[in-house]
Amino acid sequence: MSWEIDETDGTVWCSDHDPFARMKGMHGIHLEPASTVLELRVRLYNRSDEPQTFLWWANVAAEVHSDYQSFFPADVRMVADHAKRAVSTFPVASGSYYGIDYSSRKGDDTRPDSPRRVRGDRLDWPRNIPVPTSYMCVGSSGDFFGGYDHRAQAGFVHWADHRFVVGKKQWTWGDSAFGHAWNRNLADDGSAYIELMAGAFTENQPDFSHIAPGETKSFVQYWYPLAGTGPAVAANLQAALGVEVGEDVTLLRLDATADLGDVRLLVEGGGEVLLDTTFPLSPTRRPEFALATTGPLHATLTSGTGTLLEWSPSESLETVQVQPATEPPEPAATSTVEELYLTGLHLEQYRHATRSPEPYWNEALSRDPGHWASHVRLAARRYREARYPEAEQHLRAAVGRLTMLNPNPEVGDAHYLLGLVLVRLGRETEAHSAFAKAAWVESCAPAASLQMALVEARRGNVDEALRHVRTALSSRPHHLQARNLEVVLLRRLGRNEQARTVLTATRRIDPLDLWARHLDGALDAGRGQVEAETLLDIALEYARAGEAATAVELCDLAHETDRSRPLGQTACGVLADYLAAFILERSGDVPAASSLRTRARGGDRTWNFASRLDEVAALESALTADPQDATAAALLGHWLYANGRGVDAVDLWQRSVAVDPSDPVVWRNLGVAAYNLDHDEEGAVAAYECAIQAAPDNARLLFESDQLWRLTGRSVDVRLARLDARPDLVRQRDDLCVAYAHLLVSVGRPAEALELLEARRFQPWEGGEGQVLGCWERTHLALAQSALTAGDPETAVAHLAVALNPPESLGEARHPLASPAPILLALGDAQHAAGNEAAADRAWRDAAAAAGDFTRMSPTAYSENTFFSILAARRTGDDERSQALVRGLTAHAQTLRETPARIDFFATSLPALLLFHDDPQRQQDLSLATVEAEVALLTGGTNTGAGGLERVLSIDPSHELALDLIRTLTTVGSNA
């Protein structure tokens, strides 16, 4: 992150380049004297050669409690979840949202820690939301929103032009033990908080928008404090109005962002003037007016002849009906070629996590082989994968269709992308012609003109290059790369004063354009402006302009700077050497290139990950120069695998380890590829063993190989023996501790598992939600069962009480929708054994009433835990509920049997797919087999049930629930 302070303007600027497309994002925080407004000036710049998509949300966290309320414009009547998976009415939720039936919570209007009565179905009060929940406003034409602390009598407003800054969002972890645990993990003091987020060029997540090559998106967002008004019903950059309607009086409260002097407030209602008064208004003079009415009002705040603020209630606004999004049909079932193309475009634009756009575009081409738009989209993907010949084939087909009747198409995308591909293929004359054709179309002219300028600059045709640069700037004056290239070209021509004029103007436009700062000799290491990855970006700008010497100098500086890179930044020292060698080789200095490649081969590869196509080219060039370069083969393999070229990656990794078998990362990646691509389980295990031999003290490798052993059917005893041998590594990782604790419980050593869990403070990880808690509960269930068997029900009760109320050290708590039935059933049994019949009955009834579950990060009506609710219902003699639940669980099994497994289209967290591709059908089959075994046990088929559990264990010998049910089968069978 680079930064700069403009002391004259009063703005602090921060900027960085994103790690994927290397686009530039910059924001300036500006304060104006005598104003309470904080202004955020944002500039998003696409410094890549390709059209990109982007998402911008400003994320403001507000500390909350039971007297905190968020507020939005009155026209917000509907809100939507991410990707509009679900929608709800607002502010009153009239149905179910995130698995919570808010209509049933309407009467829950009191809280012991608040004097305020608030309907429990209102989503604008975070206290009413028990589970992690997002909502984004739909269709609002209001420019403001914010939050208000009724205890502190203070809050804040966000204001921006809704036509550009359209997104208005609230996120909360939920006001329950689950959410409180996450608050403790993430807030400095453990306070509960919500995020009130403002999105520019987006209404929803992931509503990505488009940004062209060289384009700048500029917008402004504002925040300011409120005091004493209550939630604002109207607000702009001058003032805010709060209105509170009581039983027989209406209170109007005003606040201002600056001293507005004397203002006039006119309030009308029922056809008459209720208030007409003039008064001073400022951040320190905030009046309140009480009107003896509760009817509709119209309030106007004016200053001189201008209107500052105007408000009327909006009861007459109609609710905009919004339907939840649905999964698009499969390609073969999609009606038209146009729909196929647009569906693919949607999936790509939204960077969809579980579906690829390519099957839709391929299906479009199967119906219309010349469909140019599908060809262009596929070509763009092939280009980003460095599959240039395939990209060219698609683009030639697209150009052929576009020029079939008219040699001058109305779109230039195909010609422009063809030019980029041809440059990568080293055919610059053809590329120049393609760019020239693209430049005939105004939308492509700036980017295409810049590319032609670069071609001419590399050829040494400075005047021609300058002409193309100025063409680009004539339609896109803030094109930073074009402006900087103009400086380079002017200096080549000796026109230094003109260059200085352009450079000075560029630095005014963007004070943190680091290429411009380098041209000006003004990079400041103390302000984050000499960061290695960004230096490589600048080096490559020089290189493609034909400034090889400067590019190499910057690569060398990046190599040195990389030694002190910021925490969390990827390394690039080795890649810097390969890039410098590539640049030198193209400029004819082969000996210097060879020397740098020698240094690169011996460098530390750790955390060096190629992200740029230029780095791919440099690594390919290194392998051409020396096919035995193990480092280049390894790094290029990493990039290829990450970009969908797994077969090519494996080939390079194998070449790498054949020369240098000492890199555990390459062996590890070969193991992942063997499992995920070739379905070669033993090959995967063997590769991981080589990785562990190369790095025997690497805890991550031990964890991943253990998970691989589980997937490939190794027994609990075999897995446990290896972890038993390395307690030092087990203690290094949360996930490894959890795996080890489960194994200890599975072999009857729960006391050791508890000791391990109690000695650690866990930090939950994405994809691992609920795993620590699940292990904790299973451990205490096992200990409780042992205590009961030993005739010590009091100890069993104590273990189960702790299972239900886990310590903060676990870092998580039970999701409100997750079923606690197994623990409650066991608690009832323990209380019964202790002679506490009333407590036993309460626990059993609570277990029987545990409707539904929360598994795989989503609510479900039935799960494997329903089995324990059924047993609990039988304990209480509630045969009607027991039978209903058995029927429901049986139907759930039938649904699992008849429904092919597939990843949820709207899934955002995939705990089963973090590293190894665990077949969703396998997971569903395991769940089905477990449920069928449970149903058999419940319906009297003990032998059938036991056989079903053995089938589960034949697929997954470490299946925790199956192991636990087998262990207690005699007790379960007698009570089923």
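**Figure 1. The whole chain, seen through its contacts and overall dimensions.** Among contacts in the protein chain between residues at least 6 apart in sequence, 63% join residues at least 24 apart. Please keep in mind that this is a predicted model. The protein chain holds 36 helices and 28 strands. Its C-alpha trace spans about 100 × 90 × 60 Å along the principal axes. For 976 residues, a compact globule would have a radius of gyration near 30 Å, and the 32 Å of the protein chain agrees with that. Of the 976 residues, 55% are buried. The accessible surface amounts to about 41,000 Å², and carbon and sulfur atoms account for 52% of that surface.

**Figure 2. Helix α15 and the helices that cover it.** Here we zoom in on α15, which runs over residues 573–586. At 1.5 Å a residue, its 14 residues should span 20 Å, and the end C-alpha atoms are indeed 20 Å apart. Twelve of the 14 residues are buried, so the rest of the structure largely encloses α15. Among the buried residues are Y578, L579, F582, I583 and L584, and the list also includes D577. The cover over these buried residues includes α13 (532–544), α14 (548–561), α16 (590–601), α17 (613–625) and α18. After α15 comes G588, which has a positive phi, near 100 degrees.

**Figure 3. The cysteines C555 and C572.** How far is the sulfur of C555 from the closest cysteine sulfur? The distance is 9.2 Å, to the sulfur in C572, and that is too far for a bond, because a disulfide needs the two sulfur atoms within 2.5 Å. Looking from the other side, C572 is in no disulfide either, with the sulfur of C555 as its nearest cysteine sulfur, 9.2 Å away. By this rule, the count of disulfides comes to zero. Are these two cysteines buried or exposed? C555 is buried, with a relative accessible area of 1%, and C572 is buried too, with a relative accessible area of 0%.

**Figure 4. Helix α20, its capped end and its packing partners.** This view turns to α20, residues 664–676. With 13 residues at 1.5 Å a residue, α20 should span 18 Å, and its end C-alpha atoms are 18 Å apart, in agreement. At the N-terminal end, D663 acts as a cap: one of its side-chain oxygens lies 2.9 Å from the backbone nitrogen of V665. Which residues of α20 are buried? They include P664, W667, R668, N669, L670 and Y675. In total, twelve of the 13 residues are buried, so α20 is largely enclosed by the rest of the structure. The buried residues pack against α18 (630–642), α19 (646–659), α21 (681–694) and α22 (699–711).

**Figure 5. S48 and its surroundings in a loop.** Our last close-up shows S48, found in the loop between β4 (38–45) and β5 (52–54). Why does S48 count as buried? Its relative accessibility is 13%, and buried means under 20%. The side chain of S48 makes a polar contact of 2.6 Å with the side chain of N46. A polar atom of the S48 side chain also lies 3.1 Å from the backbone oxygen of E50. Leaving aside neighbours within four places in sequence, S48 is in contact with A21, P213 and G214.

How values were computed:
Residues are numbered from 1 along each chain as its sequence is written. This is a predicted model: local features need pLDDT of at least 70, side-chain atom pairs count only at pLDDT 80 or more; totals for chains, interfaces and linings use all residues. Side-chain values use heavy atoms; hydrogens and water are left out. Helices (H or I, at least four residues) and strands (E, at least two) are DSSP runs, numbered from the N terminus. The expected span of a helix is 1.5 Å times one less than its number of residues. Buried means under 20% relative accessible area, exposed over 50%, partly exposed in between (1.4 Å probe, protein chains only). Contact means heavy atoms within 4.5 Å. A polar contact is a pair of N or O atoms within 3.5 Å; within protein, one must be able to donate a hydrogen and the other to accept it, and residues adjacent in sequence count only if both atoms are side-chain atoms. The radius of gyration is taken over C-alpha atoms; the globule rule is 2.2 Å times the number of residues to the power 0.38. Accessible areas come from the Shrake-Rupley method with a 1.4 Å probe; for residues, only the protein chains shown count as cover.
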